[in-house]
Amino acid sequence: MKISNTVYLVLDEIEISAIRAQGSGGQNVNKVSSAIHLRFDILASSLPQRIKDNLLQRSDSRLTSDGVLVIKAQQFRTQEKNKADAIERLVELIQKANHIPKTRKATKPTKASQKRRVDAKKQVGKNKILRKKVTDY
């Protein structure tokens, strides 16, 4: 499965098991295993080391101490939709870990903007002087 132009996710590295969903739902919820547990071992995966490190450094409650990411999907009523939802959430996590934010370039204010700022400060000062009481000589 394609994550980006250079990163691919091998579906054989994902362990998917069906479990019974939690919550209300009548008799059907007690008979059918429609929820999905997706387990993804980050350390044993074929992802680049940079992405593995980013995934392991996240403070995510779904990440075990062994480096296994566990995603539980039970939003939908069918097993197929829950499976697709779990895989989609895994792909989103990997894409976030793959994203490199742009570095900020320090810039200086222009001479014109510095002059406008000082002129505005002078104008405020003049307004404050005009608020003073008039004194008799």
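Me: What makes up the area that the protein exposes?
Reply: The exposed area comes to about 10800 Å², and carbon and sulfur atoms supply 51% of it. Areas like this come from the Shrake-Rupley method with a 1.4 Å probe; for residues, only the protein chains shown count as cover. Keep in mind that this is a predicted model: local features need pLDDT of at least 70, side-chain atom pairs count only at pLDDT 80 or more, and totals for chains, interfaces and linings use all residues. Residues are numbered from 1 along each chain as its sequence is written, and side-chain values use heavy atoms, with hydrogens and water left out.

Me: Which pattern does the protein follow along the sequence?
Reply: It runs β-α-β-α-β-α-α, with four helices and three strands. Helices (H or I, at least four residues) and strands (E, at least two) are DSSP runs, numbered from the N terminus.

Me: Why is the protein called more spread out than a compact globule?
Reply: Its radius of gyration is 29 Å, and the globule rule gives 14 Å for 137 residues; 29 Å is well over that, so "more spread out" is the verdict. The radius is taken over C-alpha atoms, and the rule is 2.2 Å times the number of residues to the power 0.38. Along the principal axes, the C-alpha atoms fill a box of roughly 100 × 40 × 25 Å.

Me: Why does S45 count as buried?
Reply: Buried means under 20% relative accessible area, exposed means over 50%, and partly exposed is in between (1.4 Å probe, protein chains only). S45 has 6% relative accessibility, so it counts as buried. Its place is in the loop between β2 and α2. Leaving aside neighbours within four places in sequence, S45 is in contact (heavy atoms within 4.5 Å) with E13, F40 and K52.

Me: How do you know that K52 is buried?
Reply: Same test: the relative accessible area of K52 is 10%, so this lysine is buried too. K52 is found in helix α2, and besides S45 it is in contact with I42, L43 and L47, again leaving aside neighbours within four places.

Me: And what makes Q22 count as buried or exposed?
Reply: Q22 has 56% relative accessibility, so it counts as exposed. It sits in the loop between β1 (14–19) and α1 (27–31). With neighbours within four places left out, Q22 is in contact with K72 and Q74. Q22 and Q74 are 52 residues apart in sequence, but 7.8 Å apart in space, C-alpha to C-alpha.

Me: What makes a set of residues a nonpolar core?
Reply: The members must be buried Ala, Val, Leu, Ile, Met, Phe, Trp, Tyr or Cys, joined through side-chain atoms within 4.5 Å. The largest such core has 22 residues, of which L9, L38, F40, L55, L69, L90 and I94 touch the most other members. At least two core residues come from each of β2 (35–41), α2 (49–57), β3 (68–73) and α3 (79–98). The largest share, seven residues, belongs to α3. As for L55, its contacts beyond four places in sequence are I42, L47, L63, L93, I94 and A97.
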